[in-house]
Amino acid sequence: MPREREIRSAPVNKQSFRPYPLPGKLESPPPTTQNPVFQTVNPSLEGLSEHQKERICGVPATCVVGLQWGDEAKGKIVDLLTGEHDIVVRYQGGANAGHTVVLGGEPFKLSLVPSGIFRPPVRCVIANGVVLHPGSLLEEIERLRCRGVQVEDNLLVSNRAHVIFPWHIEEDRLLEKAAGSEAIGTTLRGIGPCYRDKVGRSLAFRVGDLYQPNFRDRVRQAAQFKQRMLQCLSGEPIELDADAIYEQYRQYAEQLRRWVGDSTAYLLDAVEAQKRILFEGAQGALLDVDHGTFPYVTSSNSSGVGVSSGSGVPARYLTKIIGIIKAYSTRVGGGPFPTEQANEIGQYIRDRGNEYGTVTRRPRRCGWFDAVAVRYTARLSGVDVLAVMLLDVLSGLEELKVCTCYELDGQKTTNFPAHVDELWRAQPVYETLPGWKEDISHARRWEDLPANAQNYLRRISQLIGRPLEIISVGPDREQTIFIHSAIF
Ligand code: GDP
Ligand code: IMO
Ligand code: MG
């Protein structure tokens, strides 16, 4: 019987293993029909059996992770790379995410369903690390189906994923209200409270719990407790109708049943069967609960560190991590943002980049590119290569600034501060680069970009210390430049 997975070309995995050429050099990749992982890790593997090679080299498992505060256009890249993979996995976050894929000029907005859904038979997995509101997921599936997108056996929802209940959403709202000017500015989707219950355990529900005989009793018990808690928070009477909530979630469970399964077992089987897996990060590494700009973060590990706990696939299987960055910076919600431009520059970027939240439509805060922050998150996430998105948005600016270090309490530093108070105090130190006037949305090759755009990209790559592999000059699939050798 032929092996599940032929050795085939997987160009996206090539560059992690290659020494990078000198600045400015462009070369085409050598034509190959063989998996470049095997060719480049150790050429002396040639005499080994396929099984031995696979044991040594592993399978190509790629992760796409945002390196800023989210909305770096991860959805576009995941959609583009899906064709090179068998499975696409969302492993953290929930419907706080809004990932856009533009197909033939038509935008599709995804919150929970992985961005690989447009290319069946690629299997899309919502893994254990996700928190989901079953009603939102069902609506999203319905919206996709109404637009002709196949959502059948190509979707799998983990029975270990945690479930968002109405009390989580109310708790999110009340806590944000109580925080006043210190509010995080959450998406009010109940994400934080659901993760809090996950870690707290006793009041948590996983998807698999919806099918247990004691589900009704557990909902009654939780609703009683949550009602008392919400009343304390709000100072007003609040009534949670446990039986109505139970009935609604029982119906959700029935509608979801066909998609629910053990995604951990499925993914472990898949890596061992040499399936190619693409992990789709949500949010961005600066929103990571452990490593981001705490407490102005989301409640999951949204940097590269979250892949393993959020999916059950050991980190050692990851062969390539692609860091997604905007050519500038944006942030939605509260918290420090050293390079923010709350002025006409910020407005110029917001207008040209249509920088309004995909989920909440809030105007995004906009600013210059922060190389201190991204160098930190690229290292933290183990990034191999960079995809620079929305470069076209910067066209027309006379000059561009890039933050190369912070001045903190009179000292220059390139370290990203751990404490939010330090980040509030950090003053960005900028380097100024010349801008370009040309519309670059038609550029399809590196050579099509104006020299100043090339310089800008080279400088960003150099400051982060990672090579560029993808440049995006518009939302469509076609508006993408793939660079076949690294550029510093
Ligand atoms: P995600 O959450 O990281 O997937 O990003 P969002 O979908 O929230 O935001 C990115 C936005 O930029 C979407 O509206 C995309 O359609 C759009 N977009 C993606 N790439 C480009 C690009 O290169 N240029 C422009 N102008 N827009 C882009
Ligand atoms: P994608 O995947 C941008 C932000 C919220 C808020 C903070 C906490 O589209 O990049 P939460 O509701 O998660 O408790 O809110 O995190 N946030 C995002 N910002 N893009 C996202 O997702 C985000 N998901 C959450 O605005 O500041
Ligand atoms: Mg988004």
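Of the 488 residues in the protein chain, 48% count as buried. The model is a predicted one. The chain contains 14 helices and 20 strands. When contacts between residues at least 6 apart in sequence are considered, 75% of them join residues at least 24 apart.

**The nonpolar core**

The largest nonpolar core is made of 121 residues. Ile77, Ile277, Ile324 and Val388 have the most contacts inside this core. The element that gives the most to the core is helix α12, residues 371-380, with seven residues. Domain 1 (162-257) and domain 2 (323-482) each supply at least three residues to the core. In soluble globular proteins, nonpolar side chains tend to be buried together.

Val388 can be followed to its partners. Leaving out residues up to four places away in sequence, Val388 touches Ile325, Ala327, Leu457, Ile460, Leu468 and Ile471.

**Val157 in strand β7**

Strand β7, residues 155-158, holds Val157. Is Val157 buried or exposed? Val157 counts as buried because 26 other C-beta atoms lie within 10 Å, and the cut-off for a buried residue is 20 or more. Not counting neighbours within four places in sequence, Val157 is in contact with Ile126, Val207, Leu256, Trp259 and Val260. Arg90 lies 67 residues from Val157 in sequence, and the two C-alpha atoms are 9.8 Å apart in space.

**Helices α5 and α6**

Helix α5 covers residues 166-179, which is 14 residues. From its first C-alpha to its last, α5 reaches 20 Å, close to the 20 Å expected at 1.5 Å a residue. The buried residues of α5 are Trp167, His168, Glu170, Glu171 and Asp172. Glu170, Glu171 and Asp172 of this set are charged by class. The cover over the buried residues of α5 includes α6 (191-200) and α7 (215-234). Just after α5 comes Gly180, with a positive phi of about 55°.

In α6, the buried residues include Ile191, Gly192, Pro193, Cys194, Tyr195 and Asp197. They pack against β6 (131-132), β8 (162-163) and α5. Arg201 follows α6 and has a positive phi, near 75°.

An α-helix has 3.6 residues a turn, so residues three or four places apart point the same way.

**The two ligands**

How many residues surround ligand 1? The shell around ligand 1 has 24 residues, and the closest are Gly75, His99, Thr100, Ser472 and Pro475. Two elements, α3 (74-82) and β3 (99-103), give two or more residues to this shell.

Ligand 2 is surrounded by 24 residues, of which the closest are Gly70, Ala97, Thr187, Thr298 and Gly333. The shell around ligand 2 takes at least three residues from domain 1 (162-257) and at least three from domain 2 (323-482). The table sets out the classes of residue in each shell.

| Shell | Nonpolar | Polar | Charged |
|---|---|---|---|
| Ligand 1 | eight residues | 11 residues | five residues |
| Ligand 2 | seven residues | 15 residues | two residues |

Domain 1 (162-257) and domain 2 (323-482) thus appear in two of the descriptions above: each gives at least three residues to the largest nonpolar core, and each gives at least three to the shell around ligand 2.

Note on methods. Residues are numbered from 1 along each chain as its sequence is written. Chains are lettered from A and ligands numbered from 1 in the order in which they are written. This is a predicted model: local features need pLDDT of at least 70, side-chain atom pairs count only at pLDDT 80 or more; totals for chains, interfaces and linings use all residues. Helices (H or I, at least four residues) and strands (E, at least two) are DSSP runs, numbered from the N terminus. The expected span of a helix is 1.5 Å times one less than its number of residues. A residue is buried if 20 or more other C-beta atoms lie within 10 Å of its own, exposed if 12 or fewer, and partly exposed in between; C-beta atoms are placed from the backbone. Two residues are in contact if their C-beta atoms, placed from the backbone, lie within 7 Å. A residue is near a molecule or strand if its C-beta atom, placed from the backbone, lies within 6 Å of it. Domain bounds come from an automatic or database domain assignment. A nonpolar core is a set of buried Ala, Val, Leu, Ile, Met, Phe, Trp, Tyr and Cys residues joined through C-beta atoms within 7 Å.
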